[in-house]
Amino acid sequence: MPSSKTPRTAVLSRVLPEQITRRSFLRGALGTAVAAASVGLAACGGSSDDSSASSDTSAVLRVGVENPKSSFDTQTTSNTWGASENVCDTLVTLNTKTLEVEPLLVTELPTVSDDGLTYSFELKDGIKFHDGSTMTSEDVQYSLTRLLAQKAEADSFVYIEGGQEVLDGTATELSGFTVVDDTHFTIKLRQVYSSFLNMLCQFYASIYPKAACEAAGSDWGTGTNFIGSGPFYIESNDDSTEVVLKAFEDYHQGKPGLDEIDVLYIDDANTRMMNYKNGDIDLCFFSTSLLEQYKADDDVKDQIVYYTPAATQFVNLNLNEPQLQDARVRQALSLAINRQELCDTILSGAALPCTGFIPPSETGSDDGADVLEYNPDKAKELLAEAGATNLSFTAQVRSQDQAVMVAIQSYWSAIGVNCDVQTIDAGLWRDSRSNGSLVITTVTWSTLSFVGIEHMGSYFYSTNASQRSSFYNSPEFDGYVDAARAATDEATAKENTIKADNLLVRTDYGTIPVDWPQNPYVLRQGFDGLDILVDFHYKGMTKSA
């Protein structure tokens, strides 16, 4: 669990990339975003003399995002943009300022038995779902069981007694989950798992209403067939242009400060920014490939805000690809990349070059590690030793990752490796990654836990990697992950975490970490309280009159 001795500070507001020090980059931007500077536009959009805008007293936030073309169901997809996390709640949550686990749907953090295996929970009384039904312990039992049945981040929840059996399809119930009454339940683990509460904070551990979810069947997560107990409910969704979220009057933490959130699907990053400049949207995240352009744009340069997610951008290698099965080839591809140069140029300084997979903001990172080596001459020697001549790959990426992949294409070309970069639709990319057909792609993988072993294990633990076009399968790596999770002291957890990271990145070269990103966005004046850890959290936002 994150140490209370290393608190993270608030968001970096209007800090230009060249001003970002190592310390501020790592510790900043984890809390509440402040409102951006004024550009003479009314808070609800349009020109300042727009009478219709000025007479509108409702607090409506309009957000521009790329259409992920995926379900809202957090147990079947990780491609969320904030809707799911605002519609549903988890039992516990991570405080974005202290990174400590706090109660959300429960009255207090659970009591834990002396042997560290049994967790006793109490739900808040009378929590309402959006359909008016009341949450009970059975809804929690159903949600966690379904999570395993759907194989969502399964390696974390098989620690619950009976979890492996549900995952394997040999059982339909979690033997370690006991319903005491409507608001009390216990969860028994098969072994000590130090990150268990952190994992219950993850969006895939959202609590669904059993009756509604079962009634929707395969339609759950599509259209408006997705309800929870969160601060907003889905009023409308046409799947292609707009999703409208409305404030939930009966939210257990009180009605949120915004009345409505309109999420507009705008796939092109430049078009999103033009919509923002025109006053058509109020919040817009954009690619660092556009950062230099908008830092020089007088209309928006003073409104750029940065936040640092717990995220790693890496080149995902499909280890089932014959050309990639020799570790020397994979090492050569890593050695060919000048990470510092890429961060300074393509990413406009809004990133740090990786020294491993786990970012320094997470527990278990190796503080003494050097930036991953850049040595194209050694890369050529390794390819020669491996007898790897005329290597040619196809890298399929989403539009947001094109600039980075093209830069890597150039680095690889310098060592004699050909790479054809193809930009594909986000929905096709997601499906191709899931079915294992991507040979090479670029991924930015984030975590809500800030626990390094969970961040890394959630992608490369063998049962997970097989679902993400990686197919990294190392019993030794899995063993380090298991040992770190079971550790009861921080030193042992860190030791095993570093061993796992080094094995993955410096011995097996099972993947190629590139950078730890810092993400820019713009937010209209008059809005405050945007809460960002990895995803958007709108419940604390307000809009001034």
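This tour proceeds through the structure in stops, each with a selection to make and a description of what is found there.

**Before starting**

The structure is a predicted model, in which local features need pLDDT of at least 70 and side-chain atom pairs count only at pLDDT 80 or more, while totals for chains, interfaces and linings use all residues. Residues are numbered from 1 along each chain as its sequence is written, and side-chain values use heavy atoms, with hydrogens and water left out.

**Stop 1: the whole chain**

Display the entire chain, which has 19 helices and 25 strands. Helices (H or I, at least four residues) and strands (E, at least two) are DSSP runs, numbered from the N terminus. Of the 545 residues, 58% are buried; buried means under 20% relative accessible area, exposed over 50%, and partly exposed in between, with a 1.4 Å probe and protein chains only. The accessible surface comes to about 20300 Å², and carbon and sulfur atoms hold 46% of this surface. Such areas come from the Shrake-Rupley method with a 1.4 Å probe, and for residues only the protein chains shown count as cover. Among contacts with a separation of 6 or more, 71% join residues 24 or more positions apart; contact means heavy atoms within 4.5 Å.

**Stop 2: a sheet of four strands**

Select strands 6, 7, 9 and 8, which form an open sheet in the order 6-7-9-8 with antiparallel pairing. Two strands pair if DSSP finds at least two bridges between them. Strand 6 and strand 8 (177–179) are at the edges with a single partner strand each, so one side of each has no neighbour in the sheet.

Next, select residues 111–112, which are strand 6; this strand pairs with strand 7 in the antiparallel sense over 2 bridges. Threonine 111 is opposite serine 120 of strand 7. The two strands make a hairpin with 5 residues between them, and in the turn glycine 116 has a positive phi of about 75°.

Move on to strand 7, residues 118–122. Which of its side chains are buried? Tyr119 and Phe121 point to one face and are buried, whereas Thr118, Ser120 and Glu122 point to the other face and are not. On the way to strand 9 (residues 184–188), 5 bridges join the antiparallel pair of strands 7 and 9. Here phenylalanine 121 faces phenylalanine 185, and glutamate 122 faces histidine 184.

**Stop 3: the nonpolar cores**

In soluble globular proteins, nonpolar side chains tend to be buried together. A nonpolar core is a set of buried Ala, Val, Leu, Ile, Met, Phe, Trp, Tyr and Cys residues joined through side-chain atoms within 4.5 Å. Select Met405, Ile408, Trp412, Ile440, Met456, Phe460 and Phe477, the residues with the most contacts inside the largest core, which has 63 residues. Helix 14 (residues 402–413) gives the most to this core, with 6 residues. Apart from this core lies another of 42 residues, including Leu91, Phe121, Leu174 and Tyr193.

Centre the view on tryptophan 412. Not counting residues up to four places away in sequence, tryptophan 412 touches Val315, Leu333, Ala336, Ile337, Met405, Val417, Cys419, Ile440 and Ile512.

**Stop 4: asparagine 316 and the loop beside it**

Select asparagine 316, found in strand 15 (residues 311–317). Is this residue buried or exposed? Asparagine 316 is buried, at 0% relative accessibility. Its side chain reaches the backbone oxygen of arginine 468 at 3.4 Å. Leaving aside neighbours within four places in sequence, the contacts of asparagine 316 include Tyr459, Phe460, Arg468, Ser469 and Ser470.

Follow the chain to serine 469, in the loop between helix 17 (462–465) and helix 18 (475–486). Most residues other than glycine have a negative phi, and most peptide bonds are trans. Serine 469, however, has a positive phi near 55°, and phenylalanine 471, in the loop between the same two helices, has a positive phi near 65°. Serine 469 is buried at 0% relative accessibility, whereas phenylalanine 471 is partly exposed at 24%.

**Stop 5: cysteines**

How many disulfides does the structure hold? There are 0, a disulfide being a pair of cysteine sulfur atoms within 2.5 Å. Select cysteine 343 and cysteine 354: the sulfur of cysteine 343 is 7.5 Å from that of cysteine 354, the closest cysteine sulfur, which is too far for a bond. Cysteine 343 is buried, with a relative accessible area of 0%. Finally, select cysteine 201, which is also buried, with a relative accessible area of 8%.

How values were computed
Polar contact = N/O pair within 3.5 Å; in protein donor to acceptor, adjacent residues only side chain to side chain.
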